[in-house]
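Thank you for making time this morning. I would like to take you through one structure, beginning with a term we need and a single residue, and then working outwards to the whole.

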Amino acid sequence: MRIGTLKETYVADAALFDSRTQKIWLVVAGALLVLFPFVASDYWLYLACLVSINVASATGLNILTGYTGLVSLGQAAFMGLGAYTVATMESTMGTPFALNLLCGGVVAMIGGLVVGIPSLRVKGLYLAIATIAASFITHFLFANLSFTGGTGGLSIQPASWFGLPLDTSFRIYWLIVPVTLLMLLGAANLFRTRIGRAFIAIRDRDISAEVLGIPLLRYKLLSFGLSSFYAGVAGGLWAYFFRVVTPESFPLLMSIFFLAAIIVGGMGTILGGVLGAVFMTMVPELLKFVFDLIPGGAGLTVFLSPVRTIIFGLLIIGFLVFEPHGLAEIWRRVRRYFHLWPFRN
Amino acid sequence: MQKSLTSQRRRSLMLAAAGTALASPLTALAQAGGEDIVIGGSIPMTGVFAFAGIGINAGMQDYVKIINDAGGIKGRKLRYVPEDTGYKVDVSVAAFKKITSQNKVNLYYGDSTGFSKTINPELDRNGNILMAGASFATELNDPKKYPNQFLVGPDYTEMFGILLKHIAKEKPGAKVAFVYSDSEFGRDPIEASEAAAKKLGLNVVVKLMTPPGSVDVSTEVIKLRRAAPDYTIFHGYVLAPIPEFITQGKQQGMKSKWMGTFWTMDSSTVMKMGPDGDGFMGVMPYRYYYDTEKAPMLDKIRQMRPEYQSTAYIQGFLAAMLFTESAKRCLDAGKELTGKNLKTALNSIKDFDTGGLIGVPITIKGNSIPVGRVYRADMKAQKMVAASDWIAL
């Protein structure tokens, strides 16, 4: 039980993790993440990596849409830029993966800055439509540039760590999950700084933010840049994970997926991006296990598959109706419940 | 106190339940399939490709049932384990991982070119699986790059080859137009087929690439009319925008014959073209469900399913048949069911009778079965009728 947290310094007040319980759980979670690859099968490891990549990208979009209030449907396009940069560098130059991922992030960031320019003039749905263009432009570039392998795309060698190819889900887990954790930590810290606070001020009221002395041009573009950097690195990880990149790998639908993830998870919270990405990736898979319990075997799969998709859709609607602040808010409520447990429940 | 105790008990129960729930999938994964020969499948039963996936699923299921009812392969039963993919590569790979984690899989059916390419390194590493799929991509027809995969028919370039061969025979020196979508699927055979057409003495007068999902094709139709081809081959579409091309082309007085490739050529798809689609031709590697020529396997299918079955069904059915034949040959030779052995067994198939599903005996030398026939739509009879003999490349 916890009845309050005493803070005596500003540093303590701004700390990311303020209670001992939180820190203990963090250590437990860390230990579980380390142990997981040793007990899980290839399937669960694959899903863990996929979730991790989606978490990284959703967190990027959360910086832009959740924290800065700029709706974007270009996230998949930025991921594509990152993925193609990594694929091209890996297959032509064979540079180390860390450099490739960083360059993937930077190239996506430049793309993000360009796409972000209209955000100075338009907001909301109008901006969302403007960012859709990114998807079409990048698709055209990927399909027609000389070094992108045309519509067939590029196949790449696995990332290698001191000569060890990261070619199985088990091995690449140790690349994808730590990078994602690092990115999450970065994003969480961002909102303890002036830059992060400026983003929030812009989201809440951009004119007031300008009056407060926050240059909108710089900060809006910075938000676009950071968000697409996250997408670029996530795209790079995607490229190393699937090892085939084609222009059709990053469709507009994928951008909608990430937008849905942060809405379902809870916009404007780091945890929201994480929970949303986990929910959107894992629930369809977990529903398969639930449906596997129905006797009837393979014969029924064809009838049950559409039902499963409908249930997934209904779950999303259900969460939006009953908890518009997303899964993060549900999580917070559960935590609050346990703060006073067992005395008040 | 009482309350806290109950809560504690409840908590421990919940923890235990959560533990079991988490552990059960993991333990299930440890169970390997027994003596069954497992055919796994990433099948698109929802999403844009569901129209084909449902047919493929039914075809595989039916053939597995036929074999199992007859006692299996050397006493070993076949087990078909499909998972829905929604035609998304990441979900498809997840399905592969799920099925292979829970079963000892020897044979696998993939749903897209993207999946076939993505899973290839995994197949090479695994070494125990032979895979076929819904893709006819030319790139996959390379036994060196894709040693554990094969195509259940001709690749897209070979489909064009069959059509071009037919055209060269019907009208030597004819003018041909290629209309294709700006996608991996659409662009696949174009370059190689232009060269093939030249070799056959045909003249490719225009190549029109349409943006994916385009509906308004009036400007393309004008370009096509100016080129005045004798034959127009569509590729990279299922149906739209082919009917728009044909209707507008005919309205503008075009005399071209219209042709398509496999995914357009299902009877139900072509019939949707309406009266303007009369005479629409295309390449089909299999017989149609309602073909009247002698085909004992088609008789069996018609017995099992009295209503029309799509060409995707026949594709799934034939894939299962070739899987089974490869496994049977492996077991007959006393070899283990590994990807390499299964592929060698597949490649030993020579003059194999498919029970009439393909009109001629087939031989599989590499990764494809380069045989097909040109069919023509008869809108009055609402059927596809043969317009050529079986053409082998």
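A residue counts as buried here if 20 or more other C-beta atoms lie within 10 Å of its own. Please keep in mind throughout that this is a predicted model.

With that cut-off in hand, let me ask about Thr210(B): is it buried or exposed? Thr210(B) has 22 other C-beta atoms within 10 Å, and therefore it is buried. As for where this residue sits, Thr210(B) belongs to strand β7 of chain B, which covers residues 203-210. Leaving aside residues up to four places away in sequence, Thr210(B) touches Val179(B), Ser181(B) and Asp182(B), and also Val217(B), Glu220(B) and Pro241(B). For a sense of distance across the chain, the C-alpha atom of Thr210(B) is separated by 37 Å from that of Gly356(B), with the two positions 146 residues apart along the chain.

Let me set another residue beside that one, namely Lys300(B), which lies in helix α11 of chain B, residues 296-304. Lys300(B) has 16 other C-beta atoms within 10 Å, so it is classed as partly exposed. Its C-alpha atom and that of Gly41(B) are 23 Å apart in space, while along the chain these residues are separated by 259 positions.

Now to chain B as a whole. Its secondary structure consists of 13 helices and 13 strands, and buried residues account for 54% of its 393 residues. Its radius of gyration is 24 Å, which agrees with the value near 21 Å that a compact globule of 393 residues would have. Along the principal axes, the C-alpha trace spans about 90 × 55 × 40 Å. If we take the contacts between residues at least 6 apart in sequence, 68% of them join residues at least 24 apart.

I should be careful about confidence at this point. The average pLDDT of chain B is 88, and 91% of its residues score at least 70. Residues 1-34 of chain B, however, have a pLDDT below 50, and in the model this stretch makes 16 contacts beyond near neighbours in sequence. For the model, the scores are ipTM 0.88 and pTM 0.88.

Chain B is divided into two parts: domain 1, comprising 37-153 + 293-362, and domain 2, comprising 156-284 + 374-392. The C-alpha centres of these two domains of chain B lie 28 Å apart. How many residues does each domain bring to the contact? Domain 1 of chain B gives 11 residues and domain 2 of chain B gives 15. On the domain 1 side, the residues that touch domain 2 are 5 nonpolar and 6 polar, with no charged residues.

Turning to chain A, we find 14 helices and 4 strands. The radius of gyration of chain A is 21 Å, close to the 20 Å from the globule rule for 345 residues, so chain A is as compact as a globular protein of that length. Its C-alpha atoms fill a box of roughly 65 × 60 × 45 Å along the principal axes, and 45% of its 345 residues are buried. Of the contacts in chain A with a separation of 6 or more, 76% come from residues 24 or more positions apart.

How, then, do the chains meet? The contact takes 29 residues from chain A and 30 from chain B. On the side of chain A, the elements giving two or more residues are α3 (42-67), α12 (270-292) and α13 (298-322). Of these, α13(A) gives the most, with 7 residues. By class, this side of chain A has 14 nonpolar, 9 polar and 6 charged residues.

I will finish with the largest nonpolar core, which has 210 residues. Those with the most contacts inside this core are Cys49(A), Ile176(A) and Leu237(A), together with Ile39(B), Met60(B), Leu163(B) and Phe317(B). The element that gives the most to this core is α3(A), with 17 residues. Why can we say that the core lies between the two domains of chain B? Domain 1 and domain 2 of chain B both give residues to this core, and so it lies between them. To look at one member in detail, Phe317(B) touches Gly59(B), Met60(B), Asp62(B), Tyr63(B), Ile301(B) and Leu357(B), again not counting residues up to four places away in sequence.

How values were computed
Residues are numbered from 1 along each chain as its sequence is written. Chains are lettered from A and ligands numbered from 1 in the order in which they are written. This is a predicted model: local features need pLDDT of at least 70, side-chain atom pairs count only at pLDDT 80 or more; totals for chains, interfaces and linings use all residues. Two residues are in contact if their C-beta atoms, placed from the backbone, lie within 7 Å. Ala, Val, Leu, Ile, Met, Phe, Trp, Tyr, Cys and Pro count as nonpolar, Asp, Glu, Lys and Arg as charged, and the others, Gly among them, as polar. The radius of gyration is taken over C-alpha atoms; the globule rule is 2.2 Å times the number of residues to the power 0.38. A residue is buried if 20 or more other C-beta atoms lie within 10 Å of its own, exposed if 12 or fewer, and partly exposed in between; C-beta atoms are placed from the backbone. pLDDT is the predictor's confidence in each residue, from 0 to 100. Domain bounds come from an automatic or database domain assignment. A nonpolar core is a set of buried Ala, Val, Leu, Ile, Met, Phe, Trp, Tyr and Cys residues joined through C-beta atoms within 7 Å.
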